[in-house]
Structures are given as structure tokens and as C-alpha cells.
Amino acid sequence: MAAPGPGEYFSVGSHVSCITCLGQRLQGEVVAFDYPSKMLTLKCAPSSGKPNLSDVVLVNLAYVSDVDVISDHTETPPSLASLNFNKLVNRARAEKQDKLSQAYAVSAGVSVEGQQLFQTIHKTIKDCRWQEKNIIVMDDVVISPPYQVDNCKGKDGSALSHVRKIVEKHFRDMESQKSVQHSQQAQQTQKDSALSS
């Protein structure tokens, strides 16, 4: 492969402008450029209008025209931040464990309500797992089907009380969601019947 010629390479930190095949003008700072694939990553002004944010856009140079370098950045870019690989490995392990737990619940025949309650509890208390169809929270509380507040068993104390409050709130939230959905469906039915008249 031949070395890139003038105008074919973009330095990190340079400001460029181009027009996409859809006629949209993009302008921003070069974050990354991959010469073999002709992919350019730009940091552009935020579409949300929030000043402390940026849009990051991947641009395939095969589909743009009028690429102009507004200002070339010739200084060496700053070094990349180091990655905490242990943290990444732990996060990947935790995500894998969550997915396996979800798959186990489905294969064990746990009801959708039970799976939703497990997810709600897991957002607050990471120390929860399945034991057959029962939800075990902090090895202190067992929630058995049909997963209501009365089905929370364990040693009386703050853990049991806290889990019961989470279960109560979960079902209150589910009921409010259902009532909103029913009212929306009723409104849609009224609109449909008015249009068909």
C-alpha cells in the first residue's frame, strides 16, 4: 500500500469540514483516523445544545465530498489514558454472571413477574441469586413464588425489612405502569372509534 499523499491523512487534533453523501455538512476536531479503512472520527458540536458535551461522529471518507482541513494540528497528540484491566475484567465477569442468571431463570420456568422483580432487586442489591425458583437476597432473605411481599421470608431485621420495601415499591410501580397503559389504550380506542364514525 502506498504512503498517504497530501490531503489523505488527518492528524489528531486537526479541524476538518466535509459534506456527506446526504448533503449534510460535518465539521469537527479529528479524534482518530484509520487510513486503510478511510474512517475518520470527529468530535463535533453537540446536537443537544449542551455546552459540556460533544457528538462523536464516525465518517467513512468514501461517502463524503469537499473534505477541507480548517486547521492542521502538527503537535504530538497527548498520550492515551491507561486502562484499568482488572476493572474491565471484573465488569465483564459481572455482566456474564447477570446474563447467566437471567438465562437460568428462563430455563427454570420462573414467571415474567419473578424475573422482573429479580431485576429490580438486583439494581439495588447486587448480592442476589436464583435457587431453583426462589430469589435469595444477601443469603438472609428468600422470596418464593408468587413473589409477593408475603412471600419474603428470613430473619427479622433490617435486611428483611429493606427487601420487603423494595418488593412493595416494585409492585406499586408495576401497577402505576399498568394504569397508565390502560388509560393510553382507552384514549387510543376512543380516537379510533371517533375516526371510524
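Mentor: Helices (H or I, at least four residues) and strands (E, at least two) are DSSP runs, numbered from the N terminus. Before we start, remember that this is a predicted model, where local features need pLDDT of at least 70, side-chain atom pairs count only at pLDDT 80 or more, and totals for chains, interfaces and linings use all residues. Residues are numbered from 1 along each chain as its sequence is written, and side-chain values use heavy atoms, with hydrogens and water left out.

Trainee: Thanks! In which helix does His-170 lie?

Mentor: With the DSSP runs numbered from the N terminus, His-170 falls in helix H3.
His-170 touches Glu-113, Gln-116, Leu-117 and Thr-120, leaving aside residues up to four places away in sequence; contact means heavy atoms within 4.5 Å. So the helix you asked for is H3.

Trainee: Is His-170 buried or exposed?

Mentor: Buried means under 20% relative accessible area, exposed over 50%, and partly exposed in between (1.4 Å probe, protein chains only). His-170 has 6% relative accessibility, so the verdict is buried.

Trainee: Which element gives the most residues to the largest nonpolar core?

Mentor: A nonpolar core is a set of buried Ala, Val, Leu, Ile, Met, Phe, Trp, Tyr and Cys residues joined through side-chain atoms within 4.5 Å. The largest one has 20 residues, of which Ile-121, Val-137 and Ile-143 touch the most other members. Helix H2 (112-124), strand E6 (128-131), strand E7 (134-137), strand E8 (141-143) and helix H3 (158-196) each give two or more residues to this core. The top contributor, with 6 residues, is H3.

Trainee: Which residues does Ile-121 touch?

Mentor: Ile-121 is one of the core members with the most contacts to other members. Leaving out residues up to four places away in sequence, its partners are Cys-128, Val-137, Ile-143, Ile-166 and Val-167.

Trainee: What is the order of the strands in the open sheet?

Mentor: Two strands pair if DSSP finds at least two bridges between them. For example, E7 and E8 are joined by 3 bridges and run antiparallel, with Ile-135 having Ile-143 in E8 as its bridge partner. The 4 strands of this antiparallel sheet follow the order E6-E7-E8-E9.

Trainee: At about what angle does H2 run to E6?

Mentor: Axes are lines fitted to C-alpha atoms, for helices over the stretch in contact, and angles run from 0 to 180 degrees between N-to-C directions. H2 lies across E6, E7 and E8. Its angle to E6 is about 155°.

Trainee: How many aromatic pairs does the structure hold?

Mentor: Rings of Phe, Tyr and Trp (its six-membered ring) pair if their centres lie within 6.5 Å; planes under 30 degrees apart count as stacked, over 60 as edge-to-face and the rest as tilted. By that rule, the number of aromatic pairs is 4.

Trainee: Is the pair of Phe-10 and Phe-33 stacked or edge-to-face?

Mentor: Phe-10 sits in the segment before strand E1 (15-20) and Phe-33 in strand E2 (residues 25-34), 23 residues apart. Both rings belong to buried residues. Their centres are 5.2 Å apart with 85° between the planes, so the pair is edge-to-face.

Trainee: And what kind of pair do Phe-118 and Trp-130 form?

Mentor: Their centres are 4.9 Å apart, with 20° between the planes. This pair links helix H2 and strand E6. Phe-118 counts as buried because its relative accessibility is 4%, and Trp-130 does so at 10%. As for the kind of pair, it is stacked.
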